[in-house]
2 protein chains.
Amino acid sequence: MPGRRLSPPNSLLSNLRPHSPPPLALCSSQALCVVTTGAGVNHIDLEECRRRGVLVANVGGTFSKDVADYAVGLLIDALRRITMSDRYLRNGLWVTRGAYPLGSKVGGKRVGIVGLGSIGSAIAKRLEAFGCKISYLSRKPKPTAHYRYISNIIDLATESEILVVSCSLTKETHHIINKQVLQALGKEGIIVNIGRGAHIDEPELVRSLVQGEIKGVGLDVYENEPNVPKAMFEMENVVLTPHHAVLTPEALSDALQICITNFEAFFAGKPLLTQVVSD
Amino acid sequence: MPGRRLSPPNSLLSNLRPHSPPPLALCSSQALCVVTTGAGVNHIDLEECRRRGVLVANVGGTFSKDVADYAVGLLIDALRRITMSDRYLRNGLWVTRGAYPLGSKVGGKRVGIVGLGSIGSAIAKRLEAFGCKISYLSRKPKPTAHYRYISNIIDLATESEILVVSCSLTKETHHIINKQVLQALGKEGIIVNIGRGAHIDEPELVRSLVQGEIKGVGLDVYENEPNVPKAMFEMENVVLTPHHAVLTPEALSDALQICITNFEAFFAGKPLLTQVVSD
C-alpha cells in the first residue's frame with residue numbers, strides 16, 4: 001500500500017520451495033523468528049540465525065510419513081517398472097510388441113538409507129514389511145535403530161543394491177552421491193532421491209545412466225528445479241517426478257496449523273513447538 | 001518330429017497367460033496331472049479334473065509377495081500420482097505450468113481387500129506399515145487375520161476409500177466390482193486390480209471414470225488382454241500396466257523349480273508339492 005509505513009518485521013514465514021530466496025536476506029535486523037513451512041532448512045542460514053538470536057522453526061515431522069510413502073512408491077516403481085510400462089501400454093505397444101520386460105523383485109533387496117532421521121526411519125519401517133534388508137548411514141549410530149549401521153557412503157553403496165537419499169542437505173551431504181559412490185553401487189544399483197537435488201552430482205548421475213553404470217533411478221528432486229537434465233527425458237529406466245513427495249493436502253493442512261502454533265507461541269513468549277536447533 | 005509316434009501324455013504343463021486355451025481340451029484322457037506355471041487356476045476346469053482324477057498343481061505362493069509389492073506400488077502411485085507426474089514432467093510442463101496437482105495421503109486410508117489369500121494377506125501386511133486401516137472380504141472370516149471382516153462387497157466398498165482386488169476368479173467373483181460397488185465406493189474412491197480383468201465390469205468402470213463417479217484406478221489386468229479400453233489411454237487419473245504384477249525374474253526361477261518338483265513328485269508317485277484342491 002503506497003505511502004503506508006510498515007513496521008520492521010519481527011517474524012517471517014518462509015515457504016517451502018527450495019529455490020526461494022534465503023529469507024534472512026529479506027529480513028530486517030529486528031526479525032527474531034523464522035518459521036518455514038517445510039521440513040528442510042537448507043535455505044536458512046542457521047548459523048547466522050543463531051548468531052543474531054533469531055529463532056527458527058520448521059514443521060517437524062509433519063511431512064515425514066508422506067515423504068517416506070513416496071520414497072517407497074518410487075522404489076517399487078523403479079524396480080517393478082510401473083511408470084515405464086504404463087507408457088508402453090498407452091503407446092499401444094502391448095498389442096504390437098507383446099509383454100513388457102520384467103522388472104526386479106523388491107523382497108530381499110539390500111537397501112542403504114542415507115540419513116536415518118524421521119523420514120529415513122519411516123522408509124525403513126515400510127521397507128521391512130516388504131522383506132528388504134536395511135542398512136543406514138548417519139553421523140553416528142542411532143541407539144534405537146535395529147538396522148545395520150555403516151559409517152561411510154562408499155561402504156554403504158558397495159553393500160547395497162538400492163540407495164535411498166533421505167538426509168538433510170548440509171555442506172557435508174552436498175553431492176554425497178558422487179562418481180565414486182555411483183561406481184561402488186554398480187550396474188544393478190538403483191538410487192531413489194527424495195532429499196534435495198544437490199545431494200547428487202547430477203551430471204555424474206546422468207553420465208552413469210547413459211553409460212549403463214547404474215541400473216536406474218527414481219528422482220523427485222533435482223539440482224536446478226524445475227529444470228531436469230534433458231537427457232533423462234528419453235531414458236526408460238528413470239522415474240522423474242516434480243518435487244512433490246512432501247505434498248499432500250492433508251499434510252499441508254497439518255503444516256499450516258503448526259506454523260500458526262509456532263507464531264502464536266513466539267508472540268506469546270512461549271517455546272516454539274518445532275524449533276530447529278543448529279548443531 | 002514327423003513320423004514319430006508320441007505316447008499320449010500323462011502330464012501337462014500349462015503356461016500362465018490368462019488367454020491360453022483350457023489345457024484339458026488339448027489333453028488326452030490319460031493325462032493325470034496338470035501343472036500350471038502360475039498361481040491362478042481359472043483357466044483350468046478343476047471340477048472336470050476332479051471328476052477324471054486328474055491332479056492339478058500351481059506354484060503355490062511363489063508369486064504372492066511380488067504381486068503384493070506391485071499392488072502396493074499401484075496404490076501409492078494412484079494416490080500420490082507418480083506415473084502421472086512423470087508424464088507431466090517429461091512433457092516439459094513443470095517448467096511452463098508449475099507444480100503438478102497434489103495427490104492424496106496414503107497413511108490412514110481405509111483399504112478394503114477383496115480376497116485375503118496369500119496375496120491379500122501380503123498386501124495387508126505391507127499396508128499396515130503405512131498406517132492404512134484394513135478391512136477384508138472373503139467367503140468366511142479368516143481365524144488368523146486381525147483385520148476387520150466384512151461379509152459383502154457393497155458394505156466393504158461403502159466402508160472403504162480404496163478397494164484392492166486380490167481374490168481368485170470364480171463364478172462368484174466374476175464382475176464382483178460392478179456398477180453398484182462403484183457407486184458404493186464413491187467419488188473419492190480408488191480401485192487397484194492385480195487379480196483378473198474379469199473381476200471388474202470394465203465398461204461400467206470406464207463409464208464411472210468418465211463421469212467422475214470414482215477418483216482413479218491402478219490396473220494391471222483387463223477383461224480382453226492385451227486390449228485395454230481406449231478411453232482410458234487419455235485419462236490422467238489411471239495407472240495402466242500390462243499384466244506383469246506377477247512377474248519378476250527371481251520369482252519365475254522359483255516357479256520353474258516348483259514345476260519341476262511337482263513333475264518329479266508325480267512321476268515318483270509322491271504327493272505334489274503345491275496341489276490345488278477344488279472346493
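# Exercises on a predicted two-chain model

In strand β5 of chain B, B:Ser135 is the bridge partner of B:Gly112. Keep in mind throughout that this is a predicted model.

## Exercise 1: the sheet of chain B

Work out which strands of chain B stand at the edges of the sheet, and how β4 pairs with β5.

*Solution.* Start with the strand order. Chain B has an open sheet of seven strands, β6-β5-β4-β7-β8-β9-β10, with parallel pairing. Now look at the ends: β6 (148-149) and β10 (238-240) of chain B are the edge strands, and each pairs on one side only. Next, zoom in on one pair. Five bridges link β4 (residues 110-114) to β5 (residues 133-137) of chain B, again in the parallel sense. The B:Gly112 and B:Ser135 pair from the opening has its Ser in β5(B). To finish, add a helix: α8 (residues 202-210) of chain B packs on the sheet, where it touches β8 (190-193), β9 (216-219) and β10 of chain B. The direction of α8 makes about 140° with that of β9(B).

## Exercise 2: the sheet of chain A

Find the residue of β7(A) that is the bridge partner of A:Gly112, then place two helices against the strands of chain A.

*Solution.* Chain A also gives an open sheet: seven strands with parallel pairing, in the order β6-β5-β4-β7-β8-β9-β10. β6 (148-149) and β10 (238-240) of chain A have a single partner strand each, so one side of each has no neighbour in the sheet. Step inwards to β4 (residues 110-114) and β7 (residues 162-165) of chain A, which run parallel and are joined by four bridges. There, A:Gly112 has A:Leu163 of β7(A) as its bridge partner. Helix α6 (residues 118-128) of chain A touches β4, β5 (133-137) and β7 of chain A, and makes about 170° with the direction of β4(A). Helix α3 (residues 64-80) of chain A lies across β7, β8 (190-193), β9 (216-219) and β10 of chain A, at about 155° to β8(A).

## Exercise 3: how the two copies are related

Identify the symmetry relation from the rotation and shift that superpose chain B on chain A.

*Solution.* Take the numbers: the rotation is 180°, the shift along its axis is 0.0 Å, and the RMSD is 0.1 Å. That's the relation of a two-fold axis. Want a landmark in chain B? The C-alpha nearest the axis belongs to B:Thr83, at 2.4 Å. As a check on the interface, 100% of the contact residues of chain B recur in chain A, so the same surface serves both copies.

## Exercise 4: helices across the interface

Classify the crossing of α3(A) with α3(B), list the residues that meet, and find a salt bridge joining the chains.

*Solution.* The axes of α3(A) and α3(B) (residues 82-90) come within 11 Å and cross at roughly 75°. Angles of 65 to 115 degrees count as roughly perpendicular, and therefore α3(A) and α3(B) get that label. On the A side you'll find A:Tyr70, A:Gly73, A:Leu74 and A:Asp77; on the B side, B:Ile82, B:Thr83 and B:Ser85. Sort the residues of this contact and you get three nonpolar, three polar and one charged.

Now for the salt bridge: the side chains of B:Asp86 and A:Arg87 meet at 3.1 Å, N to O. B:Asp86 sits in helix α3 of chain B and A:Arg87 in helix α4 (residues 82-90) of chain A, so the pair joins two chains. Over all chains, the structure holds 28 salt bridges.

Note on methods: Residues numbered from 1 in each chain as written. Chains lettered and ligands numbered in written order. Predicted model: local features only at pLDDT ≥ 70, side-chain atom pairs only at ≥ 80, totals over all residues. Heavy atoms only, no water. Pairing = 2+ DSSP bridges. Contact = heavy atoms within 4.5 Å. Axes fitted to C-alpha atoms, helices over the stretch in contact; angles between N-to-C directions. Least-squares fit on C-alpha atoms with pLDDT ≥ 70 in both. Parallel < 35°, antiparallel > 145°, perpendicular 65-115°, else oblique. Nonpolar A, V, L, I, M, F, W, Y, C, P; charged D, E, K, R; others polar. Salt bridge = Lys/Arg side-chain N within 4 Å of Asp/Glu carboxyl O.
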